Amino acid sequence: WEASFVLAEWLSRQQAGLACAEELKVLHSQGRQTRWRRWAGTLGVELGSGLGLPSIIAAHMGTQMVATDGDSSVLRLLSQNVQRNAVRVDPVRLRAEALLWGTPDPCDELQLHRMPDLLLASDVVYAS
């Protein structure tokens, strides 16, 4: 899960919120508006979280994060990481949930009351 380290590092450098990220300024200049300018008050979901490092970083930055995975053994480790790291942030801000690819209504499955502002995914595409 090397890409999760890269994503977590990149997130940790976005202290002012993602609207200030150079990569997103390009989208903004093309007429697409970013939904928010700071971390606090945002909602995020990480797909295929593995050990959940990007979710943990985003939660520390202020986003309410749901780290998800569909593998039961991975989910056990993810849940342990979330529990250990949620102590350092508001426990409501970081949680782990099972989520399988292709779930018809993932927002309902995750008990989200609105669409997430942030969707994270790293190392989720595999070739056979």
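**Questions on a predicted fold**

Q: Does D123 count as buried, exposed or partly exposed?
A: In this predicted model, D123 sits in the segment after β4. D123 also has a positive phi of about 55°, although it is not a glycine. Its relative accessibility is 28%, and the middle class runs between under 20% for buried and over 50% for exposed, so D123 counts as partly exposed.

Q: Which class, buried or exposed, does Q111 belong to?
A: Q111 is placed in the loop between α5 and β4. Its phi is positive, about 55°, and it is not a glycine. With a relative accessible area of 62%, Q111 lies above the cut-off of 50%, so its class is exposed.

Q: What pattern does the chain follow when read along the sequence?
A: Let's count the elements: the chain has five helices and four strands. Two helices come at the start, and from there strands and helices take turns until a strand ends the series. Written out, the pattern is α-α-β-α-β-α-β-α-β.

Q: What share of the contacts with a separation of 6 or more comes from residues 24 or more positions apart?
A: One pair shows what such a separation can look like: S122 and G48 are 74 residues apart in sequence, yet their C-alpha atoms are 7.5 Å apart in space. S122 and G48 are also in contact. Over the chain, residues 24 or more positions apart make up a share of 57%.

Q: How many residues does the largest nonpolar core have?
A: Nonpolar side chains tend to be buried together in soluble globular proteins. Here, 40% of the chain's 128 residues count as buried. In the largest nonpolar core, W39, M65, L78, L94 and L120 have the most contacts inside it, and the core's residue count is 17.

Q: Which elements give two or more residues to the largest nonpolar core?
A: L120, one of the residues with the most contacts inside this core, touches L7, L11, A58 and M65, among others. Another core, of eight residues, lies apart from this one and includes L47, V66, L110 and L112. For the largest core, the elements asked for are α1 (2-12), α3 (53-61), β2 (64-69), α4 (72-86), β3 (94-98) and β4 (118-121).

Q: Which residue's backbone oxygen does the side chain of S49 reach?
A: S49 is found in the loop between β1 (43-47) and α3. Its relative accessible area is 4%, and under 20% means buried, so S49 is buried. Its contacts beyond four places in sequence are S55, A67, T68, D69 and L78. At 3.1 Å, the side chain of S49 reaches the backbone oxygen of E46.

Q: What is the relative accessible area of S122?
A: S122 lies in the segment after β4. Beyond its neighbours within four places in sequence, S122 is in contact with A3, S4, L7, E46 and G48. S122 counts as buried, because its relative accessible area is 10%.

Q: What is the volume of the largest pocket?
A: The lining consists of 26 residues, and L47, G48, T68, L99 and W101 lie nearest the pocket's centre. Two or more lining residues come from each of β1, β2 and α5 (106-109). The lining divides into 16 nonpolar, seven polar and three charged residues. The volume of this pocket is about 400 Å³.

Terms used:
Residues are numbered from 1 along each chain as its sequence is written. This is a predicted model: local features need pLDDT of at least 70, side-chain atom pairs count only at pLDDT 80 or more; totals for chains, interfaces and linings use all residues. Side-chain values use heavy atoms; hydrogens and water are left out. A nonpolar core is a set of buried Ala, Val, Leu, Ile, Met, Phe, Trp, Tyr and Cys residues joined through side-chain atoms within 4.5 Å. Buried means under 20% relative accessible area, exposed over 50%, partly exposed in between (1.4 Å probe, protein chains only). Contact means heavy atoms within 4.5 Å. A polar contact is a pair of N or O atoms within 3.5 Å; within protein, one must be able to donate a hydrogen and the other to accept it, and residues adjacent in sequence count only if both atoms are side-chain atoms. On a 1 Å grid over the protein atoms alone, a cavity is a set of points where a 1.4 Å probe fits but cannot get out, and a pocket is an open set with protein on both sides within 12 Å along at least five of seven lines; lining residues have an atom within 4 Å of a point. Grid points are joined across faces, edges and corners, and a volume is the space filled by probe spheres set on the points. Ala, Val, Leu, Ile, Met, Phe, Trp, Tyr, Cys and Pro count as nonpolar, Asp, Glu, Lys and Arg as charged, and the others, Gly among them, as polar.
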